[in-house]
Amino acid sequence: MLDSTERSPPLLDVRGVTLQYKTRDHLVTATYRVDFSVLRSDRFILLGPSGCGKSTLLKAVGGYMAPTEGEIHLKGQLVTRPGPDRMMVFQEFDQLLPWKTVRQNVVFALETSGKLKGKAAGEKAMQYIEKVHLTRFADAYPHTLSGGMKQRVAIARGMAMEPDILLMDEPFAALDALTRRQMQEELLALWDETKFTVLFVTHSIPEAVKIGNRILLLSPHPGQVKAELNSLPADADRASVAALEARIHGMLFADRLEEDEHV
Amino acid sequence: MSDTILRPEIVQTPRGAQDFGIVEKPLTLFERLYNQVWLRKIFLIVVLIILWELYARHLDNELLVPTFTATITAWWQGVSSGVLPDRAWASLQVLAIGFSTGVALAAILTVLAITTRIGTDFLETMTAMFNPLPAIALLPLALIWFGLGLGSLVFVLVHSVLWAVALNTHAGFRGVSQTLRMVGRNYGLSGLPLVLNILIPAAFPSILAGLKIGWAFAWRTLIAAELVFGVASGKGGLGWFIFESKNQLDIPEVFAGLLTIIMIGLLVENVVFRTIENRTVRRWGMQH
């Protein structure tokens, strides 16, 4: 088991990555010498409290910022700029282009990135819009959709591009609790179908345990790796889920027990 | 022991719609008519016209205030003789040249402003300096530089359009959310393709607002400029028409000229720009 993972090179390799950004008055170190690697078909979670640099780390993998130290490799290639081989799904509902319909949003992504053209792009777009159950809304403009539907379009858009890795930055954080749970289940169903690779940022421990197969815990200010854990299979019993959640909670908040955790 | 009183639970079934007096009822004809914005506006205009007509008849001095009927008669004569359409057309042609030149320059300036930092500084300094300066104040200078003719008119028009459009477009570009920019870059877009495919449509509400302001400024400036030095390249516009009529003390014709200016303004605002708005920003839910 250990041998096989060591022999096949990781899809995404993050080595000693330190990330810094400037605000008006300060130079902030967001993460310090973070290491992890993501294998093909992983549901890899970056988990940590706010201020642990998990979103910044995702942006660096997306190619939006360069590490001050360390390197990020995707399929052996150094990541230097954003590209359609790493599709982002953001938390914000305004990530869809409001001047394009649901279908046009997906088609536009496929066509501008040079992935597919014309009829082939339209067919691929509809195929993925169907996967997220939005066929009836293919010709609707984003402003007529609910928050959950917009996030589903963003996921369809990301998946239609068939990227090497899908980067999701707290995509369900702005949704109400019921919709969030439904979206988590839909995402897992989609993964069962296509076994895509996803790097998923969240600050919710239950979400991490539910979505991920591998969880990277980060400590805050600056973000450093605290642990890399295996999650549980989908059919795990409630007691072991609760035990894992309690264990993660203990590791993340060992020194700050007074802080409330919101799910 | 609990400190709240234990209350019985309540479970009810909602009653059917037939039990209510009114669930949905159409509004009366008057209510529905009153809800139409254009009807209310037309009503206001009719009231104003009646007041005008009454006052002008009471005054009975055509050299000061001609009646509405006299104005409309003069207007109709001007239209049927072909003079007014001719003059309006001459004005609109000059306007089109000045407006499009101004918009093109504004586009170049704002693209420079969002791609380079020095471009931003340049745009901000120039708009701060020239935006408060009325374009018509440059007319005497323009007459010295470009002479009596199209050149001077276009110069002041460009000045009136450029800063308003550039200011609004730039503000619009800066207001485009970081997320949308990142989405565009995720597709591999950068530089001019990013501006064309993401920034311009995303900033379209502001750009459109800038174009509307620019159009209104340009239209005012043009008429004012025509009034100052009248005929350009042998063919006068509406401003010149008003100036001429005033010299001949044909006041109903002056009013007819003013009426034409107002009508063209309303037409552009309510037909041209409204159509663009309905097909773009309203349809996209970016403006309500």
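## Exercises on chain B and its partner

In this predicted model, chain B and chain A bury an area of about 1900 Å² between them, and carbon and sulfur atoms give 66% of that area.

**Exercise 1.** Work out which residues of chain B lose the most area to chain A, and how many residues of chain B are in contact with chain A.

*Solution.* Begin with the contacts, which count heavy atoms within 4.5 Å: on this basis, 19 residues of chain B touch 24 residues of chain A. Then turn to the area that the chain B side buries, where B:Met182, B:Asn186 and B:Tyr187 lose the most, together accounting for 37% of what that side buries.

**Exercise 2.** Describe the secondary structure of chain B, and explain why chain B is said to be more spread out than a compact globule.

*Solution.* Counting the elements gives 12 helices and 0 strands in chain B. The next step is to compare the radius of gyration of chain B, 27 Å, with the 19 Å that the globule rule gives for 288 residues; the value for the chain is well over that of the rule, so chain B is more spread out than a compact globule. For the overall dimensions, the C-alpha atoms of chain B fill a box of roughly 95 × 60 × 35 Å along the principal axes.

**Exercise 3.** Find what percentage of the residues of chain B count as buried, and what area chain B exposes.

*Solution.* Taking buried to mean under 20% relative accessible area, 38% of the 288 residues of chain B qualify. As for the surface, chain B exposes about 17400 Å², with carbon and sulfur atoms supplying 67% of it.

Definitions and conventions
Residues numbered from 1 in each chain as written. Chains lettered and ligands numbered in written order. Predicted model: local features only at pLDDT ≥ 70, side-chain atom pairs only at ≥ 80, totals over all residues. Heavy atoms only, no water. Helix = DSSP H or I, 4+ residues; strand = E, 2+ residues; numbered from the N terminus. Rg over C-alpha atoms; globule rule 2.2 N^0.38 Å. Buried < 20%, exposed > 50% of the residue type's maximum accessible area, 1.4 Å probe, protein only. Areas by Shrake-Rupley, 256 points an atom, 1.4 Å probe, with all protein chains shown as cover. Buried area = accessible area lost by both parts, 1.4 Å probe.
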